[in-house]
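Please look through the structure shown here before reading on. The paragraphs that follow take its parts one after another.

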Amino acid sequence: MVFVAAAGAAAGAGCRFILHQNSLFDAPTSVLLINVLGSFLFATVPSEPTWLRPLVCSGFLGGFTSFSTFLVLAVSHTIIGAAIYTLITVTSCLAAWLAGTELMRRWK
């Protein structure tokens, strides 16, 4: 399973790099959008087959989303700016995850 997750992480990081480099937005906004998309996609991954979640969730989405970049961007602002960016990121990612969860619940 380790190699399955590693392959997914490599693909996810590559996709994040391509999207970030070709984004119409600056770094804080593109990272926010990538993390929100990743949160939504995380909620839509089925639990079967058993190899899928390590490949997609731990692997691809773990490499695609970027908590470390989020932290660097957050602390590069003033205290107020960091608090606002953190609040927007956490709220948006949670809302995206809930939307994905609801979509999958209705789809079943």
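Contact, as the word is used here, means that heavy atoms lie within 4.5 Å. The model is a predicted one, and a place to begin is Thr-65, which sits in the loop between α3 and α4. Once its neighbours within four places in sequence are left aside, Thr-65 is in contact with Arg-16, Ile-34, Asn-35 and Gly-38. With a relative accessibility of 23%, Thr-65 counts as partly exposed, because buried means under 20% relative accessible area.

The UniProt record, in an unreviewed entry, places the feature "binding site" at Gly-62 and Thr-65. Gly-62 belongs to helix α3, which spans residues 52–64, and with a relative accessible area of 43% Gly-62 is likewise partly exposed.

Beyond that loop, helix α4 covers residues 67–75, and its buried residues are Phe-70, Leu-73 and Ala-74. Viewed down the axis of α4, these buried residues fall within an arc of 100°, so they line one face of the helix. The face turned away from the buried side carries the exposed residues Ser-68, Val-72 and Val-75. Among what covers the buried residues of α4 are α2 (27–44) and α5.

Helix α5 (residues 79–107) holds Thr-89, a residue that counts as buried at 5% relative accessibility. Apart from its neighbours within four places in sequence, Thr-89 is in contact with Leu-32 and Phe-70, and the side chain of Thr-89 also reaches the backbone oxygen of Tyr-85 at 2.9 Å.

How values were computed:
Residues numbered from 1 in each chain as written. Predicted model: local features only at pLDDT ≥ 70, side-chain atom pairs only at ≥ 80, totals over all residues. Heavy atoms only, no water. Helix = DSSP H or I, 4+ residues; strand = E, 2+ residues; numbered from the N terminus. Buried < 20%, exposed > 50% of the residue type's maximum accessible area, 1.4 Å probe, protein only. Polar contact = N/O pair within 3.5 Å; in protein donor to acceptor, adjacent residues only side chain to side chain. Arc of directions from axis to C-beta. UniProt positions renumbered as here; feature names shortened; annotations may be inferred.
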